[in-house]
Amino acid sequence: MKIDCLIAWFWAEIMRLRPAPGIRVGRVAAVAEAFEAERGLALMKAILSTDSLNYQPYWELAGHLYKRLNRPALAQSAYSRAIGLSQDAAVRQFLSREVSGISKR
């Protein structure tokens, strides 16, 4: 069994015990790495809730997955939402570079 699959299983078990927003997003990231970005995105949409709407890591991961799936408009939108929700200047700067990298494609 691949290590990525074990990590995805681990996150699923943690989520079963404590389904907090950060754990849900961590599970999505692990599934996207272990299997495929499309499967991660499907999980991402399934966990969208009131908690997720203002949760910066949710939108950062959404931007990353859309970027991997070559959906630039959706990636830019998700990254922009993450930038708006971020309190950290370094994170905003990093995400801005991600957005500009998409624009140059």
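This is a short dialogue on reading a predicted model of one protein chain.

Student: Where should I start, and how many helices and strands does the chain have?

Tutor: Happy to begin there. The secondary structure comes to seven helices and zero strands. Read from the N terminus on, the elements run α-α-α-α-α-α-α.

Student: How does the radius of gyration of the chain compare with what the globule rule gives?

Tutor: The radius of gyration is 14 Å, close to the 13 Å that the rule gives for 105 residues, so the chain is as compact as a globular protein of that length. Along the principal axes, the C-alpha atoms fill a box of roughly 40 × 25 × 25 Å.

Student: What share of the residues is buried, and what does the accessible surface come to?

Tutor: Of the 105 residues, 34% count as buried. The accessible surface comes to about 6,300 Å², and 57% of that belongs to carbon and sulfur atoms. You can also look at contacts along the sequence: among those between residues at least 6 apart, 47% join residues at least 24 apart.

Student: Now the charged side chains. What is the general idea behind a salt bridge?

Tutor: Side chains of opposite charge can pair when their charged atoms come close. The cut-off here is a side-chain nitrogen of Lys or Arg within 4 Å of a carboxyl oxygen of Asp or Glu. By this rule, the count comes to four salt bridges. Let us go through some of them.

Student: Which residue does Arg16 meet in a salt bridge, and where do the two lie?

Tutor: Arg16 meets Glu13, at 2.9 Å from N to O. Both residues lie in helix H1 (residues 3-17), three residues apart, which is about one turn of the helix. Arg16 counts as exposed because its relative accessibility is 60%, while Glu13 is partly exposed at 27%.

Student: Which salt bridges link distant parts of the chain?

Tutor: Two to look at here. Arg68 forms a salt bridge with Glu33, and their closest N and O atoms are 2.7 Å apart. This pair links helix H5 (residues 56-68), which holds Arg68, with helix H2 (residues 21-34), which holds Glu33; the two residues are 35 residues apart. Arg68 is partly exposed, with a relative accessible area of 39%, and Glu33 is partly exposed at 48%.

Tutor: Next, Glu38 forms a salt bridge with Arg71, the closest N and O atoms being 3.0 Å apart. Glu38 sits in helix H3 (residues 37-47) and Arg71 in the loop between H5 and helix H6 (72-85), with their positions 33 residues apart in the numbering. Glu38 counts as partly exposed at 36% relative accessibility, and so does Arg71 at 28%.

Student: That loop between H5 and H6 also holds Asn70. What is the phi of Asn70?

Tutor: A general point helps here. Most residues other than glycine have a negative phi. In this chain, phi of Asn70 is near 55°, a positive value in a residue other than glycine. Asn70 counts as exposed because its relative accessibility is 56%.

Student: And which residues form a nonpolar patch on the surface?

Tutor: Ile3, Leu6 and Ile7 do, with about 260 Å² of accessible area together. Ile7 has its place in helix H1. At 38% relative accessibility, Ile7 counts as partly exposed, since exposed means over 50% and buried means under 20%.

Notes:
Residues are numbered from 1 along each chain as its sequence is written. This is a predicted model: local features need pLDDT of at least 70, side-chain atom pairs count only at pLDDT 80 or more; totals for chains, interfaces and linings use all residues. Side-chain values use heavy atoms; hydrogens and water are left out. Helices (H or I, at least four residues) and strands (E, at least two) are DSSP runs, numbered from the N terminus. Buried means under 20% relative accessible area, exposed over 50%, partly exposed in between (1.4 Å probe, protein chains only). Patches are made of residues with over 30% relative accessible area and no salt bridge: like charges are joined within 9 Å, nonpolar side chains (Val, Leu, Ile, Met, Phe, Trp, Tyr) within 5 Å. Accessible areas come from the Shrake-Rupley method with a 1.4 Å probe; for residues, only the protein chains shown count as cover. The radius of gyration is taken over C-alpha atoms; the globule rule is 2.2 Å times the number of residues to the power 0.38. Contact means heavy atoms within 4.5 Å.
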